[in-house]
Structure formats: structure tokens, C-alpha cells
Amino acid sequence: MSAAPGAAVRVRDVHRTFGSGPSAVHALRGVDLDVAPGELVALVGRSGSGKTTLLNVVGGLDRPDQGSVLVDGVDVAALSDDEQALLRRDRVAFVFQTFGLMPVLTAAENIGVPMRLREAPVAERERRVEMLLELVGLAPHALQRPDELSGGQQQRVAIARALAGSPRLLVADEPTGQLDSETGLAVMALIRGVVEAEGMTALVATHDPVMIALADRAVRVVDGRLVGAAERG
Amino acid sequence: MLVAVLTVMVAGASVVGTCVLLLTASPQRALQLAMVRTPVADVEVGVALGFPEEPDDPDVSEAVAATARDASGAVAEASAMLTAPFGDLPTTTTTWTSTVMRYLPADGRPLRLAYLAELDDRDARGTLATGRWPDAPGEAALPTSAARALGLDVGSATTLGEGPGDGVTALTVVGTFVPRPGPAWDEDPLQGAGVSPNYRGYITGYGPFVVAPGEVAASGVPLRRVALRVQPDLTPATAADLTRAGAGVDALGKELSSALGDRTQNLVVDLPYARTVHAARDQRGVTGSGVLAVALLGAALAATTVVLAARLVAGRRAAEAALLSARGTSRARLVGQAAVESGALAILAMVPATALALALYQVLAGAVGLDPDVVPEGGLLPLVASVAVVTVTLGGLLVLPWLRTGSTRGAREDRVGVVARSGADLLLLALAALAYLQLRAHRVAGGATVDPVLVVAPVLCLVAGAALVLRPLPLLARSAEARAASSRSLTWPLAAWGVARRPQGAAAAFLVVLASACATFGIGFAATWSQSQRDQAAATVGTDLSVPAQLGALGTGATLRAATHGRVSPVTSRPVTLGSRAQGGDGAVQLVAVDTRDADGLLRGRLPSGDWADVTSGLAPAGPVGGIRLTGTSAALVVTGHVADDVPMTATLSLVVQDGDGARAALPAGEVLLDGDPHDLAVAVPPDVRVVAVDTRLAASGDADDPDQPSETAFDLDVTIPGATLEPGGTWSPARPPSSDYVVAALDRITAEDVPEGARLTLDGTAFLPGLFWSEGTLTAIAFEPVDDVPVVVSARLADELGLAVGDGVDLALGPTPVSATVAGIAAYIPSQPRAAALLADVDTLSRATLSQGNLDPLTDAWWVGGTLPDDAAATLDAAGVGPVTDRTAVARESAEGPLRAAQRAAAALLVIAAITLTFVGTALHTTTALEAREVDVARLRGLGALRRSVLRSVLAEQAVLIGVPVLAGGLLGVLACWAVAPLLTVSAEGLRPVPAALVSWPWPAQVATVLLLLLGCAAVVVPLAARAVRRATIARLRMEPGA
């Protein structure tokens, strides 16, 4: 896999092993990956193949044992914890399978969290939250808390929250894994739409063929290695 | 978690166990200590057998007459009965035996009476001045005052006879003595004065003539009074000894009356021991109420903590319970399993709780001076039983959440819960209000029983207050949350959201509020209670130091001033007759007269408003006292008298002298013939005194039936005191006897002048015949304007009872002397008589008023000393033999720290310790659980890009509000409860409303330090836990999330 010049994400020879000795799990074994700016790439593979680990390493939630990960030219692995936190705050956003919403906050408040972390002006935050709520179709549910929303609605809130900070890279791990097919389709369409609308790069781990179809390209992960493009559509 | 729950159970049970030990073991020990420390006069028992003046009177029964002649059998019987209650304890028996009055030789003088007495503790009752005590038949010793008045000295002989001129009992004086002051002379008909000018009408009484042991019976003079007193030595007494003695003494009154009642004319049983024991039991009851209240508060705190722990445990195990339920486990089985676990915990907690309670008891009881036994008296059964009950009860509370497992959730349940909580809060409030009203009305049970209102009221008020305080907290949290929404950052809004939207903190907040309130209330109440004990002691003593007056009161003030450098005043303190209010009993009106010129320097006791100087202004006399200043310690008098018409006349002179502190006493000078010749008299006087009155008892002899006898005759008396000088100011005036008196002589003119050899007083008067043949003429020249009216301040109680107002007149009687008084003010109480219907007067005014009527009776009953005194003033005075000294500070210390009250202080300290401990444990429980539940949220925030320190700040802010606000609110609640309830809970040692009314005390430094300790202690618990939770909640936790 060749490296595209000016790639938004550049992964080189990344290894990640959990544990040691005979019980060691080699989650990533020399992964190389480039993602161009504005590209939506789907990571495809069976459970335990290393997709999530790769996403964690790219998003700064985990550190590789070997190799380098550049996001917008920044070596994520070389950053301190706080620098990684700032990277996540300013450039990378996550969408988790379990949504990862704060249970005591309303939908609007959850969406506003990234902007609060950046201490954006209140008026700007409120405008953007309102816009994102409209975008994900949850304006009528702005004041509801996560436990008062359906799974699809929660995931849409999670996506809106991920977009709130205008990240350069969206990392999503099985964003439709816990949703029914209809809701999942809507969420996938939403991700595709906002990636195009916001001009961001997206790296999505998924089993869903529809999502794979919506991606610009799909990469297959097998036993911690990228084995080439996945079949789409 | 289990360790924390176990800690709470141990702490709660040990608090209750310690209180049980303070209630069961310490009272016995305290009673022992208190009885040993009680002055012997307060633990003695006595009986006095009275016999008629004329035992041969036909109206007197044979048994009484026979006993009056030989009381040995009755005395032996009484002695055996008085010592019996004390079993094997050492006892000391003293006996006073005195006879009826007999006549001294007439010698052409007015009639004089005297009596014999036999004392078996002569050295304790008197100090020999000359000679020795009698030890052979016919020997006698008598008080120096009597010897001087009778002209007797060692070697003199006299007789006592049945009638004037009879000589039945011959006596030779072998010694004179000065009676020691003290209650021992209460038995004496002359109260140890030696001379009473008006013993029987106008007949002067002298005595006692103390004779050798057995000589009273040998004299054949009938007995008038036999008094026995038994003083036990309680040092080796055990609690069982005291209980047995108490029961025996309680029965003594009836037993003595039954055995001796028909052999005496009157029988007076005096049982100070019983009074002391009953007072001690009263104090024990009051103390018990306080200790029980603490036990109840401790139990409430522990129960709250356990309920909190139970909820947290149930929350943690909810998933496990749900799984078990889903797999078919019945709720009953789940509850049973929880009960078994709780029971095991309870059993596990029993041993350390028992040991901790025992250790706490040892420490606390030792700290307050109870010197506890290693194994408390009464055994460990009460402790073990109470600990078992508390641990099992607390264990039962752990099961409660499991009873609700599987119940339906939703809005309906919430509404039911809200209604139930509101109802419980309202019920609590109603009960607290009821208890408060009961306290305000002082419907508490005084005496030895534990009062339920005193026990329950503080608990109800604090628990209800804690419930009430929590009510507005959610509203405040919502307000903070609304403000947080408009913030740019996440840190503080996140904390506000957490506070407002996580209901799990309510139980912890309740615990913290209640514990903090208990701590500040405990400190405030202890301070209020202690201050009230000091105030009550001040009101009871009335001044800083009080000593009973010596029989020769003059000059004592100088001794007191030299030892204390304080403000010294002679004091009159005695019951008086006021209108129909007779002396004696609880309803007696007490008169207190002091030097009011510097009342604030002398009088002690807090007033509701103003000070004692304001209250007593106007009581002191305006005009000065003149008089004749004496030099040295002996006044030599040259007395020359003339009588017109050659009527044989004698004058018996007494000088009323005043010392530098205003104490006055009449000193007999002797008798002279008014024959125109100068006669020398000498009077021993203390240094630095002046003569403020000269009293002359005029007697004449002649034939009343002689028709040539004039109906009146003029006389003059010239009294010259060489070396003396007239004091400036004051005017010599004749005293004005009460109009009801039969006047046989009157002073027409008094002239005082300085002469070359000294000062001279000339009295010109008229004697009325033949009246003067039959009775003495009493003539008193006073060195001031006569005082007809004494302004007094009356106590509110007396004013209420008699409907007195300022300006009203009241007629008092000091013994036979009437005193007209006018109400000049009304005070809440009178110093030294806090609960009595009492009057306060100026001692100088009162003395002038009685001297103005020719009454020479001494008015100095005590000496008071006020001011900033040396710490060892009381000890110095005791060592100097001036005493017994009543020290206000010592009385206050005994009231607040004495063995019978010490348990109250120990319990208050225990409450504060328990409250602080349980606050920390509860905070740790709540924080640990809350933060564990938050770890995923924290990880999510980290995943979103929040810096660790920012998240930590937010978590700490949330916990600071959840813990800090309840600590502060609880602190304020405790202060509020203290303000409202503490003065009402503070009662006297007898369980009565204190006088003066208790005023809430604010030990701000201690209160603030306690709140700070709670805040810092909670911070010390929360900060490491929060830091650990944030550290643990790494983004790695997100990776572990399913699918993350």
C-alpha cells in the first residue's frame, strides 16, 4: 500500500500486542495504512481481527508497541497523555458502538461537551448545537437524557457530539452495531453526509455491507494485518 | 465496602455501649466518689431529744420526765440506731447534752440565767482561751464572752440554783474558751454567743458552763436537750455499702420516732446523709438523661450510616441480584441470603464493638476523673447486651434494600416515595415541635428518673432539622445548574450537573448534615451547659468567696482582705418573717444584706439585664456614721454616773464597735454603780475599730411600795475613753425602741466631745419608777441619724407571690426586731438565694435600722469576698482557719466536673467523636461508590479530550458540594439547634430550670475548628479517592467497553 502525499492518516509498521508470553495476543502485526483527507475508509474484518485496536491507536486511545501513526502530520504515538487529549479535543472525534454519552446530560448538553472543552463562546456553542441537532434530526429531543432516547437517537447524538468540535478525523467503531437495520442505515447515511458536508476524514470499523458500500474504500483486516481492499457492494 | 460497613457497625455499637457503661457503671463509681468528697457535715445523721423546761410539771408524762433526769438509756438506743445503717464502716458519734436554765447568784443584780453542758468533742467546738477543760466534779469552763460579762475568770466560783438566790450546783471556773464557729453550736440555746441579753424576756442568759463527762447527770439538773450526731467515714465504702446505708438512713426517721418519741417532748431527726444521697440521685437522673440522649443520637447516626451503606451495597450488587432473579432465585431467598450475611457481620462486629466501648469508657471516664475499674462494677452484661442489640439492629437495616428488590420502577413509585418521605418529614417535624414545646414549658421530670423529654427532644430536633435542611438543597443545586449552563467551560457545569442530577448523594448528605449538626450541637450544648453551671454556682454562692462569720466577727474582714486582696463585706443572710410568711421551710423569706457600695465588685450572678450596681443603687445609707475612734486593742473606759433622788442604780455598758469593713458587734464592757464616783472598765477590742453605739442597761433597786419614791428621776452617765477621738460626721442620737416596748428609762440628751484625755460621751436621761425596779431600762446612743426605713430589692418570686411593686412597704421581723422596708427594686433573684423568695438590703442600712431600735444582736452571719482573687485564696483562708470557705470557682467546678455530672461531659465528648468518625466513614463509603460508578464517565470525558486535571477539578468540585455544603449546613443546623434547644435542655443538678436562666454559649473557635476538621477530614478522604478514580479511569477503560 503506497503512501499518498498529504495523507490525513499515515500508519506505518504498527504493532500492538496485549499481554506477554504464551498468552500474548498480537492485535496488530505491522499495519501500514494511508487515508487521504476527506476520505471515508471502512475497516472490515471479523471480531478480534484488530479493527478496534487500529482505531484506538489512530485516535490516540492506545499506543502502538512499534511503528508510527501520523494524524495530520502529528506523530500520535510520540505525544504525551495531555497532548493526546488535546489531539482528541481538537482534531479527532470518536463514535462508539455503545454511544459513550454522559447519562446525566441532555442530548443538547452532550453535543455541547466538545465545544465546552474548547471553551468556545456560549453563543457559538448554542448555535452549533442547535444546528447539529437539526442535522441529526433530534431538535425535538434536545432536552432529553440518553436513557430517554432510543438507541438510534443516542447514536445520532453521539455523531452530533463527534461533529461538534469540527474534527479533522472521525473515528467510528461499529457505529451501527447495536442498531436495527433501518436505524443503522439512517446513521450510516448521516455519517456519509456529514463527512461530505464537513469535509472531514473518516475511519469506520464495520461489518455492515451498506456502510462498506457507502465508504470511499474498504480495507480488510485479518489477524492484525491489512490484507487488501475489501469487497464493496 | 464490607470493612466500611463493619467499621460503622462497630462504631455505632461502641458509642451506645459506652453510653450504657456511663449509665450503668459510672453512676455507682460517681456516687462513691461524690460521697467521699462530700463534707462530713453533709453525710452525717443526727437526732435531738428535747425535754421540757419544767420536767416536774404535772402535764409532762412520766416517761419524758424520767428521761429528762436520766437519758443514758435513750442515748445508747439512739446511738445504736444511728450507727446501724453504716454497718462495718467506721463512724464517729458526738453528743451534746445541755440542761435546763438555772439561776445565777442574785447578788442584788437583775435575774440571770445559766445552764450546764457536756460536750464529748470539746476541742472541736471551742478553743481554750485560759485554763483548761474541766475533768473533775464541780469544775466548769465557759465562753470568754460569758466570763467577761459575769466577771468570772479561772479560779472564780459560782452556783446555779433552781430559784433566784438558791445555790444548788457549785461550780469553779477552770477555763474559758472561744467557741469555734460552725453548725455544732446550733444545738446551743445561745448559739455559742455565750450571752443573750433577752434570753427570756428581759432576763439575760449565760453559758454554757461546760462540765466534765458525766457531771451533768451527777448535778441532778434536768436535761433540756440531748443531741447525737453520727459521722460515717465513707472512704472505704463500696457502692453496696452506700446503697445499704441509704436504705437504712431512709428508715431512720420512723424508727427513731417509734423508739424514742414517747420519751421526749420533741424529737428532731436530721438526716443530711439522706438529703445528700437524694440530691446525688437527682443529679444522676439528670446526667442519665444527657447520656441517653447522646446514645440515641449515636444510634441514629450509626443507623443513618448503615442505611447509606446498605443502599450502596445493594446498588453494587443490583446486577448480581437481577441475574439471580432472572435465573429463578426468589426474592425471599435473596432477602434470606442478605440476612445471613448481615447477621454474620453483626456477630463479627460484636467483639470489637464491646472491646472498643470498654476502651472508650476507660478513656472518657478516666478523663473526667471517674477513675473507672478495668471491669466496671455491675459486670459486662449490660454492655454486651446493648452492643448485641445495636449490631443486630444495624445488621437488620442492611437487609432493608433487599426487601425492595424487583419492585416496579417508574413515576408512580417515585410519587409514592416522595409522598412517603414528605409524610415522614412532616411527622418528624411535628414530633420535634412537640418536644420543643414540652421543653419550653419545662415539662421535664426532675429527680432521680431519666426524663424522656430531655432524652428525645435533642434527637428529634436534630433529625427533623437535618431532614428539613436537605429540602432546599436540590433547589439550590438546580439554580447552580441553570447558571452553569451559561458557562463556556465544562469543569464547573459538569460538577453542577452531577450535584443536581445524581440523587444517590441524598442519603450521604443526610448523614453528613446530621453528623455535622451533632458535632456542633454537642460542642455548643456542652459550652452552654458548662456556662450555666458556672452561672448557677455564681448565683448560689452570690460572690467569689464566702465564709461563715466567726463568733467574734470583728476583724475577720482584715484577715480576709490580707489573704485575698479582694473586696470584703460583712453579710447578713438569714430567714426573716415577712407579714404572714413565717421563718423556716421552703417558703421562708430570706434576707441578704451586703455592702452595696461596690456591688459589681462583690456580687456575682448573671442578671437578665443590667448589673448589680444598677440593681442596688439607693440601698446604701446616704449619711455618714460618726463615732469614737479607738486606738490599740483595748478600750479603757472611765464611767461616772449620777442619779437624782439617790435612787440606787447600776448601768451595764456595752460598746457597739465597727471594724474597718463595716462589721459591728456589741462588746460587753461591764457594770458600774451610778454613785458619782468614776469607775474604770476595760474592753478588749480588735485594732482599727470605732465605737458607733453605746448601750446601757439601767437597773434600779428600791421599794416599789414606798409612797415617797419619786415617779421619775434624772440621771446622767459620763463615759470617757482615754486616748480616743471623735470621728468626724455623724450625729449622736438616742435609739428609738419600738413603740410597743414598756419604757422604764429614756435618753434626753447625748453629748459627744473631744476632751484633753480622749473622747467623752455624756448621756442625760430620765428613769421611770417603779418600772425600773422590775425590769432593765435599755438605752442606746447611736452615732448616726436613726434609720426608720430600709430600702430593699426583692426577688421576682417574692414580688410575684406578694404582688409587690417598687415603692411598696413591707414589714420584716429579724427575730424580735421589726424592720420597716420599702421596695426599691425587683431583681430576677437575690445573690446566694437564687430560688428563694428573698430580699436584698445594704448591710450598713440594716444594721443602723436595728441599732436605731436598740437591738444589739450581731447581724454578721458571713463574710463575702469579691474581685480578682488569687487562685489559692480559698486554700490560704482554709489553712488560716478562716472557714469553711465556699469558693464560687470550686462550686462551679464541682457542678460542671464533679463525679455525678462528669458522665454528661464524657457523653458530649463521645457524641462529637462519634459524629466526626461516622462523617468520615460515611463520606468514604459514599465517595468510593459514587466515584467507582463514575469511572466510565470520566474515561469518556478523557476520550473526548478532557485533560485529567480538568476532570479531577470537576469531580472534586462535585464532591465538595455534595460533602462540603452538608457539612456547613449541618454545622449551621447544630448552631441553630443549640440556640433553640440547648438553654432548654440545660437544667440544674436537681433537674429544675436553672437560675439564672441558661444563656446559649457560642464557643466559636471550637465550633469553627470542628467544622474545619470535618471539611478537611472529608477532603482528606475525598481527594485521594477522587484522584485515584480519575487516575484509574484512563481511556484504556474505553477500550474495554464492549465494541469500543
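Trainee: In this predicted model, what makes the 4 strands of chain A an open sheet, and in what order do they stand?

Mentor: The order is 2-1-4-5 and the pairing is antiparallel; strand 2 (25–35) and strand 5 (74–75) of chain A are the edge strands, each pairing on one side only.

Trainee: How do you know that strand 1 and strand 4 of chain A pair?

Mentor: Pairing requires at least two bridges between the strands, and strand 1 (residues 9–18) and strand 4 (residues 66–71) of chain A are joined in the antiparallel sense over 5 bridges, so the pair satisfies the criterion. A:Val9, for instance, has A:Val71 in strand 4 of chain A as its bridge partner.

Trainee: Which strands of chain A does helix 1 lie across?

Mentor: Helix 1 (residues 51–59) of chain A lies across strand 1, strand 2 and strand 4 of that chain, and it runs at about 120 degrees to strand 1 of chain A.

Trainee: Turning to chain B, how does its radius of gyration stand against that of a compact globule of 1044 residues?

Mentor: Such a globule would have a radius of gyration near 31 Å, whereas chain B has 39 Å. The C-alpha atoms of chain B fill a box of roughly 140 × 65 × 45 Å along the principal axes, and the C-alpha centres of domain 2 and domain 4 of chain B lie 80 Å apart. Domain 2 of chain B comprises 471–539 + 886–1044, while domain 4 of chain B covers 628–782.

Trainee: Why is strand 31 of chain B called largely enclosed?

Mentor: A residue counts as buried if 20 or more other C-beta atoms lie within 10 Å of its own, and 6 of the 6 residues of strand 31 (residues 837–842) of chain B are buried, so the strand is largely enclosed by the rest of the structure. Both faces are covered, with B:Ala837, B:Leu839 and B:Ala841 buried on one side and B:Ala838, B:Leu840 and B:Asp842 buried on the other. Across chain B, 53% of the 1044 residues count as buried.

Trainee: What makes strand 15 and strand 28 of chain B partners of strand 31 of chain B?

Mentor: The requirement is again at least two bridges. Strand 15 (residues 589–594) of chain B is joined to strand 31 of chain B by 6 bridges and runs parallel to it, with B:Ala593 having B:Ala841 as its bridge partner. Strand 28 (residues 790–795) of chain B is joined to strand 31 of chain B by 3 bridges in the antiparallel sense, and there B:Val794 stands opposite B:Leu839. Both counts therefore satisfy the criterion of at least two bridges.

Trainee: Where does the confidence in chain B reach its highest and lowest mean among the elements?

Mentor: Strand 28 of chain B has the highest mean pLDDT, 95, and helix 29 (residues 1036–1040) of chain B the lowest, 58. The mean pLDDT of chain B is 83, and 92% of its residues reach 70 or more. By contrast, pLDDT stays under 50 over residues 406–413 of chain B, for which the model has 4 contacts beyond four places in sequence, and also over residues 1040–1044 of chain B, with 17 such contacts. Where pLDDT is low, predicted coordinates should not be read in detail.

Trainee: How many residues of chain A and of chain B are in contact with each other?

Mentor: The contact involves 28 residues of chain A and 24 residues of chain B. On chain A, helix 1, helix 2 (81–90) and helix 3 (107–117) are the elements giving two or more residues to the side that touches chain B, and helix 2 of chain A gives the most, with 5 residues. The model scores ipTM 0.89 and pTM 0.78.

How values were computed
Residues numbered from 1 in each chain as written. Chains lettered and ligands numbered in written order. Predicted model: local features only at pLDDT ≥ 70, side-chain atom pairs only at ≥ 80, totals over all residues. Contact = placed C-beta atoms within 7 Å. Axes fitted to C-alpha atoms, helices over the stretch in contact; angles between N-to-C directions. Rg over C-alpha atoms; globule rule 2.2 N^0.38 Å. Buried ≥ 20, exposed ≤ 12 C-beta atoms within 10 Å, placed from the backbone. Domains from an automatic or database assignment. pLDDT = per-residue confidence, 0-100.
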